[in-house]
Amino acid sequence: MKSFDVIIVGAGPAGGHCARQLAGAGISVLLVEQHQTFEANNFSSAVTPMETLAQFELSESVVGSFWNQLVIVSTQVRKQWESSTALGAVLNFAKLREFLAGEVTRNGGEVWLGHRYLSHSSQDGETVVMLKPQGKEPIALRTRVLVDATGSARSLLSPHRQKRPDFFSGTGIEYLIKVDDSTYQSCAESLIFFLGHHWMPQGYSWIFPMERNILKVGAARYYGQHQILKDNYPAIKQSIELLIKDYLQIDDYHRLETHGSTLHYSRGLQDIYYRDNLIAIGDAVSSVNCLGGEGIRHGMASGQIASEYIQEYLADRTRDFAAYQHHLHQHFKRSWDISERIARKVYLEYSDRRIDQGLAYLGNLEVSEVIELLFSYRFENMTKGVGRILLSKLTEFWQKIGQRLGLSSTIG
Ligand SMILES: Cc1cc2nc3c(=O)[nH]c(=O)nc-3n(C[C@H](O)[C@H](O)[C@H](O)COP(=O)(O)OP(=O)(O)OC[C@H]3O[C@@H](n4cnc5c(N)ncnc54)[C@H](O)[C@@H]3O)c2cc1C
């Protein structure tokens, strides 16, 4: 029976990056993926801030386009921020995972596509893993550490739905559309997000530039009962078509692909992180941020942290992964708890007017502040927006008083 130090199930960003780190450290590692190709489940919009490229040493070949403009549109308000330099990238999700897998083999590891995880069991102090290659009989492999990187499926550590923690879940669907030059130019280099009940009740929608003449147009809806809205929403695909018809105002486009997935985020980060020599990373332990559904760099970060603890375990310097769970909680918990509270308010509680108002406040932030808020989770920046509106109203008030009293000097 073939044997590895580590078997990682799931070649998403988390599994791919973890395998790449371990192979780079000389550990014998196998990365397993159920799909035959990386195009097969190309579900993610894959927007990321600029720092991701350097932090995870990603090749520019995984970049679809760069963005230097951010636009947020609600039912009544539109705000736009611009920078003279690139603020981030829209990655090609298939190429990103292919690149990470390529790094694994380059570093001496193995990658098996088209192999589905079936089960595992303990035998003589080692774990035996059963895999099903497509169209062939199941095979057995031995490993010292097994990693659940199966994303929201959590197929290894939490396969039983009834035993899972309480989830905050949402489904996202995205069209990849080919458009003419002028439509593409109107969206090139911009991330455009749509909030509010007109565009996407109980969620948000978006238009991102993928590559020349190709746009990603999508919408995501969270599960749960909205405090104000009734349940008779349009289907998610209708919200995508609304963007194409009302915002882009085009009839003439070619739909290249439709993809999507459902994310299950554990409220309060209550996932199971490890059991014996089995450890989970990425969306399998809710590393995705539920406010904006951003999970690629966080999944890779969890894979990187896990790779350090796996090496400690293999070297017999630790007997379990309790310190790994503690490390991930320190890394994510505070910001993720606040994000969850805000997400529930914006998507499941607020009136449309309140969302318009919130966006008007954000409009007072500088571009660097809004990027810090959305991508570094600096929530204190939200109060700066409110503060600036109050200050300008106060200034206006004192100016009027000054004018009535016939004073020429202004305050502010
Ligand atoms: C519509 C949508 C848009 C998104 N947009 C963005 C975005 O713009 N930016 C961003 O950062 N994040 C985005 N995300 C989130 C991001 O894609 C995820 O958080 C990220 O992919 C999680 O990485 P992961 O490796 O943990 O899991 P995944 O990417 O889900 O990878 C898990 C892998 O495990 C494989 N697998 C599952 N079960 C088995 C099995 N039994 N055997 C073998 N293999 C198995 C799956 O096929 C899959 O390839 C988006 C998500 C959705 C749904």
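How do the residues of the lining of the largest cavity divide into nonpolar, polar and charged? They divide into four nonpolar, five polar and no charged, where Ala, Val, Leu, Ile, Met, Phe, Trp, Tyr, Cys and Pro count as nonpolar, Asp, Glu, Lys and Arg as charged, and the others, Gly among them, as polar.

This is a predicted model, in which local features need pLDDT of at least 70 and side-chain atom pairs count only at pLDDT 80 or more, while totals for chains, interfaces and linings use all residues. Residues are numbered from 1 along each chain as its sequence is written, and side-chain values use heavy atoms, with hydrogens and water left out.

**Cavity and pocket**

The structure holds one cavity of 30 Å³ or more, and about 40 Å³ of space lies in the largest cavity. On a 1 Å grid over the protein atoms alone, a cavity is a set of points where a 1.4 Å probe fits but cannot get out, whereas a pocket is an open set with protein on both sides within 12 Å along at least five of seven lines, and lining residues have an atom within 4 Å of a point. Grid points are joined across faces, edges and corners, and a volume is the space filled by probe spheres set on the points. The lining of the largest cavity includes G196, H197, H226 and I355. The second largest pocket has a volume of about 230 Å³, and its lining divides into one nonpolar, five polar and five charged residues; among the residues that line this pocket are E126, R144, D276, D316 and R319.

**Helix α5**

Helices (H or I, at least four residues) and strands (E, at least two) are DSSP runs, numbered from the N terminus. Helix α5 (residues 236-247) has 12 residues and reaches 16 Å from its first C-alpha to its last, close to the 16 Å expected at 1.5 Å a residue, the expected span being 1.5 Å times one less than the number of residues. In α5, I236, S239, I240, L243 and I244 are buried, a term for under 20% relative accessible area, with exposed meaning over 50% and partly exposed in between (1.4 Å probe, protein chains only). Seen down the axis of α5, the buried residues fall within an arc of 145°, so they line one face of the helix; the arc is that of the directions from the helix axis to the C-beta atoms. An α-helix has 3.6 residues a turn, so residues three or four places apart point the same way. What covers the buried residues of α5 includes β12 (167-178), β13 (190-194), β14 (203-211) and β15 (214-222). After α5 comes Q249, whose phi is positive, near 55°.

**Buried residues in strands and loops**

| Residue | Place | Relative accessible area |
|---|---|---|
| T48 | strand β3 | 1% |
| S190 | strand β13 | 2% |
| A46 | loop between β2 (29-32) and β3 (47-49) | 3% |
| Y377 | loop between α9 (367-375) and α10 (380-404) | 11% |

Contact means heavy atoms within 4.5 Å. Leaving aside neighbours within four places in sequence, T48 is in contact with W67, G88, A89, L91, E294 and R297, and S190, not counting residues up to four places away in sequence, touches W67, Q69, I207, F208 and P209. T48 and K163 are 115 residues apart in sequence and 33 Å apart in space, C-alpha to C-alpha. As for the two loop residues, phi of A46 is near 60°, a positive value in a residue other than glycine, and Y377 has a positive phi of about 60° although Y377 is not a glycine.
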